[in-house]
Structures are given as structure tokens and as C-alpha cells.
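Please open the model in a viewer and keep the selection tool at hand. The tour below proceeds by selections, each followed by a description of what is found there.

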Amino acid sequence: MYELTEDQRDLKQAARNFGRKVLAPRAMQIEQSGADFPADVLIQMGQLGFLGLDIPQAYGGQGFDTLTSAVILEEISGAWFSAASYCMTLATGPIIVAGTNEQKQRILPAICRGELVTAFALTEPAGGSDAASIQTFAARDGDDYVINGTKFFITNAHRADVMVVFARTDKSAMRGEGISIFLVDKGTPGLVIGQRFRTMGHSANPIWEVVFDNCRIPAANLLGEEGAGFKYLQNDFAKIRAVYGARCVGVSQWAMDYALRYAQERIQFGQAVSSFQGVRFKVADIITKIEAARQLSYRAAVIADRGDAQAPAAASMAKHFASDICLEATSEAIQIMGGHGYTVDHPLERMFREVKLFQIGDGTSEMLRILISRFANRSIADGGSAQLA
Ligand SMILES: Cc1cc2nc3c(=O)[nH]c(=O)nc-3n(C[C@H](O)[C@H](O)[C@H](O)COP(=O)(O)OP(=O)(O)OC[C@H]3O[C@@H](n4cnc5c(N)ncnc54)[C@H](O)[C@@H]3O)c2cc1C
């Protein structure tokens with residue numbers, strides 16, 4: 001079980017203040033203009049200690065546990081979801097776990113200062129949820145590897161200084177094995193940034209096709225052991241998904257708080273819209289669900305740090321539940337604001353478009369349900385109960 005410490009509450013409040021003052025106004029401007037996430041905000045986030053939340057202090061990060069990261073990212077995400085994507089990423093996990101000291105020193109401190117952007121390149125045209133079926137191949141050639149293949153939907157590929165790339169290194173390996181991780185630097189010959197995919201939201205962090213056309217990299221850019229790529233991701237997914245749950249909570253809360261402030265000011269039929277029973281019950285139902293999603297996400301964060309067999313299921317429950325609540329919360333928040341909520345003068349229409357991603361990215365809700373039901377069946381088969389301990 002958990003109880004937030006005073007430090008965690010202070011960090012949460014600091015993140016909320018930064019979100020209100022700096023992130024939310026920039027989100028309105030940048031996401032509408034279609035510009036990239038601003039480099040100056042990234043630097044500022046680094047200076048204030050909002051980057052590298054999970055990166056050890058020895059490499060310039062904060063070295064926070066997952067619950068502390070979750071409470072900070074809850075607030076950052078509410079203000080601007082795109083900003084939170086830089087604070088704790090899937091790309092850095094394998095570097096922390098499997099990188100050499102040289103690789104860590106070269107990449108991690110610069111990430112924490114907001115000076116280096118990474119991309120995480122796993123998804124392919126034929127390998128989405130079924131990540132084990134990726135076809136990109138890295139062939140050993142003397143002191144180098146030569147990579148060939150195509151990746152889809154790679155966030156920030158166009159500006160990434162370092163790309164963390166998953167490629168098959170053994171065509172005859174069993175399913176899920178024979179896949180390795182490589183660090184590919186920006187500008188490497190044969191690394192081609194292809195088409196940009198136009199999306200419903202999150203335009204500050206655009207997604208791209210990436211083609212590896214005989215892309216030659218030094219063998220020293222292999223991350224960890226050859227063929228062990230997925231092993232380095234296992235516990236990372238639990239941490240990232242638990243935190244993702246908290247990020248959904250942050251967006252839900254931000255949207256409802258925003259709508260409620262509006263409803264307290266808006267007068268119809270001689271009274272504040274917030275005083276109508278139809279609105280009050282709606283608010284009561286939604287904030288109850290948000291709180292339930294928050295508790296589940298915080299608990300999943302604690303379990304993720306335990307790193308035991310329950311971690312994937314707990315994190316899946318958190319992300320699956322919180323992402324559903326987020327769709328409901330942003331939709332109802334717009335409803336409470338009526339026509340004004342639907343205009344681009346307020347952030348809710350953008351948030352409503354953005355939240356659909358939460359049921360898709362970093363594991364679709366269907367794949368998460370598979371993990372949860374696997375946990376349930378295993379618990380019963382072992383003679384226990386299908387509940388988190
Ligand atoms: C905005 C955005 C950013 C992204 N950023 C990145 C990134 O930076 N790096 C990266 O590598 N990838 C990234 N992705 C890719 C993302 O991780 C994939 O879209 C996601 O994993 C789903 O894969 P897919 O799109 O190929 O869908 P598919 O796997 O084709 O799934 C289609 C549908 O079938 C369902 N489905 C699939 N298998 C099963 C099953 N066994 N049982 C039940 N239902 C199933 C899915 O849940 C889904 O509803 C991003 C995607 C988006 C939209």
C-alpha cells in the first residue's frame with residue numbers, strides 16, 4: 001500500500017504550478033500552430049528537474065521511484081500531455097538497464113538537460129501489437145551492423161538525436177527472441193525519415209515512417225546482449241503503463257477542473273450551471289471515477305517497482321481503466337461547457353481529440369486485457385484469487 005509523502009505532495013504541487021503557468025498556455029498556442037514541441041520549454045523542464053525522472057542521479061536524472069514519477073507526470077500531463085512524453089520515456093529504459101557506461105554518459109545527462117531528444121523505434125508496418133513479428137534486420141558485418149527495414153509511427157523521429165531501434169539479429173530464433181536493440185545517431189547514412197503521418201492530436205510530437213536503407217552502425221552501438229532486446233523492456237512496460245494511467249488521470253482531472261470553474265461562472269435560468277442537479281451528479285460521478293483511476297495507477301506504480309509477476313497486470317489495469325475514464329471525463333467536461341467547450345478558444349476540444357490515443361499507444365486496451373486475463377487465469381490455476389496482493 002502507499003501514502004504520498006510530504007516530498008511527493010510538494011513535487012506534485014510544483015508540477016501543477018509549472019503546468020498552469022508555463023505548459024498550459026504554450027500547449028494552446030503550439031498544438032494549434034502545428035509546430036514541434038518547443039526546445040526552450042524542454043530546457044526549462046530540465047532546469048526545473050522535470051526530465052529524467054527515472055534516470056539515476058549519477059547520470060544527471062532524478063532517480064525517482066515510479067510512484068513519485070507518476071504523481072509529477074499526472075500534473076504535467078494535465079497541463080500538456082505532449083510535455084510529459086519527455087520526462088520518462090520507453091527509449092531510456094533499455095539504456096539505463098543495458099547500456100555501457102560510455103553509452104549512458106553520452107546520452108542520459110543530455111536528456112536530463114533537455115538537450116537531447118530520443119525516439120523509440122519498435123512498431124513496423126506488419127508488427128504493431130504483435131511486436132515479436134518485426135522484420136527489420138541487422139546483419140553483423142565485421143565491426144559493424146547493417147540495418148535494413150521500415151518502422152511506422154515513430155514519435156519525433158525527425159528530430160531525434162538518438163533512435164533506440166529494435167531489429168532482428170537472428171532469423172531462426174524462436175518467437176520473441178533474436179531481437180536486439182541498437183542506438184542509431186541522427187544523420188547516420190542510410191537512416192531515412194520518410195512520410196509524416198497526420199494524426200487527430202499531439203501534433204507537437206509528430207509520428208513518422210523511418211526507413212533503414214543499408215544503414216551501417218558500429219557494433220559498439222548494440223545495447224546490451226545481442227538477441228536479448230525484449231528482456232530489457234519487460235519491467236519498463238509495467239512502469240511506463242502505470243505512469244501512463246496517472247497521466248490519463250491528470251488529463252481527466254484537468255478537464256473536469258476546467259469545466260467546473262467555467263460552470264460556476266456561467267449563469268443560465270438565473271443560476272450557475274454548476275448548481276443544476278443534472279450537472280452536479282455528472283461531476284460527482286466523474287470525479288469519483290477519476291479518483292478510482294488515480295488510486296489504481298498509484299498502486300500499479302508501487303507494484304511496478306516491486307517488479308514481481310503481478311506488475312504487468314497491475315499496470316495494464318491502470319492504463320486500461322484510466323484511459324477509458326479519460327475519454328468519458330473529457331467528453332463530459334465539454335458537455336458541461338456547452339458550445340464554448342467545443343470551440344478552439346478552450347483546451348477541451350484538443351484534449352478530447354488527444355485522449356483517443358491513450359487506448360492505443362504503449363499497448364492497446366485489447367492487449368492490456370489479454371495480460372490482465374492471463375494474470376486472472378494463472379492466479380486461479382495456482383489455487384489463489386484473481387486479485388492484486
Ligand atoms: C500517436 C502515436 C504515436 C506512436 N508512437 C510510437 C513510437 O514512438 N514508437 C513505436 O514503436 N510505436 C509507436 N506507435 C505505435 C503504437 O505503439 C501502435 O499503434 C500500437 O502498438 C498498436 O499497433 P497497430 O497500430 O499496428 O495496431 P494493430 O496491432 O494492427 O491492432 C489493430 C487492432 O487490433 C487489435 N488487436 C491486435 N491483436 C489483438 C489480439 N491478439 N486480440 C485482440 N485484439 C487485438 C488491437 O488492439 C487494435 O484494436 C505510435 C502510435 C501512435 C498512434
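What span should the 14 residues of helix 3 (residues 66-79) have at 1.5 Å a residue, and how far apart are its end C-alpha atoms? The model is a predicted one. Select residues 66-79: at 1.5 Å a residue, helix 3 should span 20 Å, and its end C-alpha atoms are 20 Å apart, which agrees. Next, display the surroundings of this helix. Because 14 of the 14 residues of helix 3 are buried, the helix is largely enclosed by the rest of the structure.

**The domains**

Colour the chain by its domain assignment, which gives domain 1 (6-112), domain 2 (118-228) and domain 3 (232-381). Now keep domain 2 and domain 3 in view; their C-alpha centres lie 31 Å apart. Where these two domains meet, seven residues of domain 2 are in contact with eight residues of domain 3. On the side of domain 2 that touches domain 3, the residues divide into three nonpolar, four polar and no charged.

**The ligand**

Select the ligand and the residues around it. The ligand is surrounded by 18 residues, of which T123, G128, S129, T364 and E366 are the closest. By character, this shell comprises nine nonpolar residues, eight polar and one charged. Which elements should be highlighted as supplying at least two residues each to the shell? They are strand 1 (118-121), strand 3 (144-155) and helix 12 (365-381). Strand 3 gives the most, with three residues. Both domain 2 and domain 3 give residues to the shell around the ligand, so the ligand lies between them.

**Helix 12**

Finally, select residues 365-381, which form helix 12, one of the contributors to the ligand shell. This helix has 17 residues and reaches 24 Å from its first C-alpha to its last, close to the 24 Å expected at 1.5 Å a residue. Show the side chains of L368, L371 and F375, which are buried in helix 12. Looking down the axis of helix 12, one finds its buried residues within an arc of 60°, so they line one face of the helix. To see part of what covers these buried residues, add helix 9 (311-337) to the display. Then turn to the face of helix 12 directed away from its buried side, where the exposed residues E366, N377, I380 and A381 are carried. The tour ends just beyond this helix: helix 12 is followed by G383, which has a positive phi, near 85°.

Notes: Residues are numbered from 1 along each chain as its sequence is written. This is a predicted model: local features need pLDDT of at least 70, side-chain atom pairs count only at pLDDT 80 or more; totals for chains, interfaces and linings use all residues. Helices (H or I, at least four residues) and strands (E, at least two) are DSSP runs, numbered from the N terminus. The expected span of a helix is 1.5 Å times one less than its number of residues. A residue is buried if 20 or more other C-beta atoms lie within 10 Å of its own, exposed if 12 or fewer, and partly exposed in between; C-beta atoms are placed from the backbone. A residue is near a molecule or strand if its C-beta atom, placed from the backbone, lies within 6 Å of it. Ala, Val, Leu, Ile, Met, Phe, Trp, Tyr, Cys and Pro count as nonpolar, Asp, Glu, Lys and Arg as charged, and the others, Gly among them, as polar. Domain bounds come from an automatic or database domain assignment. The arc is that of the directions from the helix axis to the C-beta atoms.
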